Amino acid sequence: MSGRRLAAALAMTSMAAGATVSFPTNASAAPWQIERSDVLTLRSADGHDYRVMVAWPEGPPPPQGWPVLWLLDGEDNFAIATMTARRLAGARARSGVEESVIVAIESGSLPRRILDYTPSVPGYAIPAGSPASGRPLGGGDAFLTFLRDEVRPQVTRRWKIDTGRETLMGHSFGGLLALHALAGGGFWSRYVAVSPSLWYGNGLVAREAAAMSATSGKRVLMAGGDREGAPAGGSGSLGHVAATLSTHGIDAHAVVLAGQTHGSTMMAAMADGIALAFGQPERKDAK
């Protein structure tokens, strides 16, 4: 019997015999932490404090600096993105993924997330029945300005960054904001929009994509689950937006995540998002 199985058997025997089993208290428990990581607290123009989680590789940066993945909903995605990126970079010969920096911005409360991740659409209100209905909207551009003017300078001061390889990745409203940033000429060169809220603003993203000018050097990955249902947008809508972006010279692709619901797509798309940010993967267009 292995040591692990033996320990489990002894624990069960003790419990069955009525022995007292002690568990770590909050005071004695040692939380797991990510090596080479830090948390910055930065204040926006309206006085809101954001936690910004940053992870970086071991050793000196390459001459051009490290590529960066900017993650929305940072408190949910920082750990899985960091460990996935490091694992793939450790197998670079097979994965093609390079060492990188992860910058994850905390979204905070639901009302704040909705405000920050939604673009302004005059006269628009989210339909009744949606979890976001009745909440303040339209702070997306102010939040993107905060990332550009406040967060990015702090990151570039502390870490050597390849400013030609920065990726913005978000889910749901975060995916909506990523595509809005692309249309608005954001500083990122690559964008990953997972289950973006294409319904928002009565099709705002599709209108913005159609109105874009020709551009080059931009890459976009959109992903959606085949079990999302309304109002997430649907994989067919993603393919339409990708095709529209492609007409403007953008390397845009959409993929369908088999068996995934709206709540599971971000994790399912994480490795592909990291590959787009830090490698040169081949992709297949969604049908």
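Colleague: Where is the place of W188?

Modeller: In this predicted model, W188 is in the loop between α6 (173-183) and β6 (190-194).

Colleague: Why does W188 count as buried?

Modeller: The cut-off for buried is under 20% relative accessible area. W188 has 2% relative accessibility, so W188 counts as buried.

Colleague: Which residues does W188 touch, not counting residues up to four places away in sequence?

Modeller: Those are W70, L144, L147, E166, T167, L168, A181 and K218. As for R148, its C-alpha is 9.8 Å from that of W188 in space, with the two positions 40 residues apart in sequence.

Colleague: W70 takes us to β3. What makes strand β3 (residues 66-71) mostly covered?

Modeller: The count does: 6 of its 6 residues are buried. W66, V68 and W70 point one way, P67, L69 and L71 point the other way, and all are buried.

Colleague: Why do side chains of a regular strand alternate like that?

Modeller: It's simply what a regular strand does: its side chains take turns between the two faces of the sheet.

Colleague: How do you know that β3 and strand β5 (residues 161-171) pair?

Modeller: Pairing takes at least two bridges. Here 5 bridges join β3 to β5, and the strands run parallel; L69, for one, has T167 as its bridge partner in β5.

Colleague: And what about β3 and strand β4 (residues 101-105)?

Modeller: They pair over 4 bridges, in the parallel sense. V68 has V101 as its bridge partner in β4.

Colleague: On to the helices. At what angle do α2 (residues 74-90) and α9 (residues 265-278) pack?

Modeller: At about 50°, with the axes 10 Å apart.

Colleague: Why is α2 called oblique to α9?

Modeller: Under 35 degrees would be roughly parallel, 65 to 115 roughly perpendicular and over 145 roughly antiparallel, with the rest oblique. The angle of about 50° falls in none of those three ranges, so α2 is oblique to α9. As for handedness, the crossing of α2 and α9 is right-handed.

Colleague: Which residues in α2 and α9 meet?

Modeller: From α2, N77, I80, A81, T84, A85 and L88; from α9, M266, M270, A271, I274 and F278. That contact divides into 9 nonpolar residues, 2 polar and no charged.

Colleague: Zooming out, how many helices and strands are there in the protein?

Modeller: There are 9 helices and 8 strands. Of the 287 residues, 47% count as buried. Among contacts with a separation of 6 or more, 74% come from residues 24 or more positions apart.

Notes. Residues are numbered from 1 along each chain as its sequence is written. This is a predicted model: local features need pLDDT of at least 70, side-chain atom pairs count only at pLDDT 80 or more; totals for chains, interfaces and linings use all residues. Side-chain values use heavy atoms; hydrogens and water are left out. Axes are lines fitted to C-alpha atoms, for helices over the stretch in contact, and angles run from 0 to 180 degrees between N-to-C directions. Helices (H or I, at least four residues) and strands (E, at least two) are DSSP runs, numbered from the N terminus. A crossing is left-handed if the near helix is turned anticlockwise from the far one by less than a right angle, and right-handed if clockwise. Contact means heavy atoms within 4.5 Å. Ala, Val, Leu, Ile, Met, Phe, Trp, Tyr, Cys and Pro count as nonpolar, Asp, Glu, Lys and Arg as charged, and the others, Gly among them, as polar. Buried means under 20% relative accessible area, exposed over 50%, partly exposed in between (1.4 Å probe, protein chains only).
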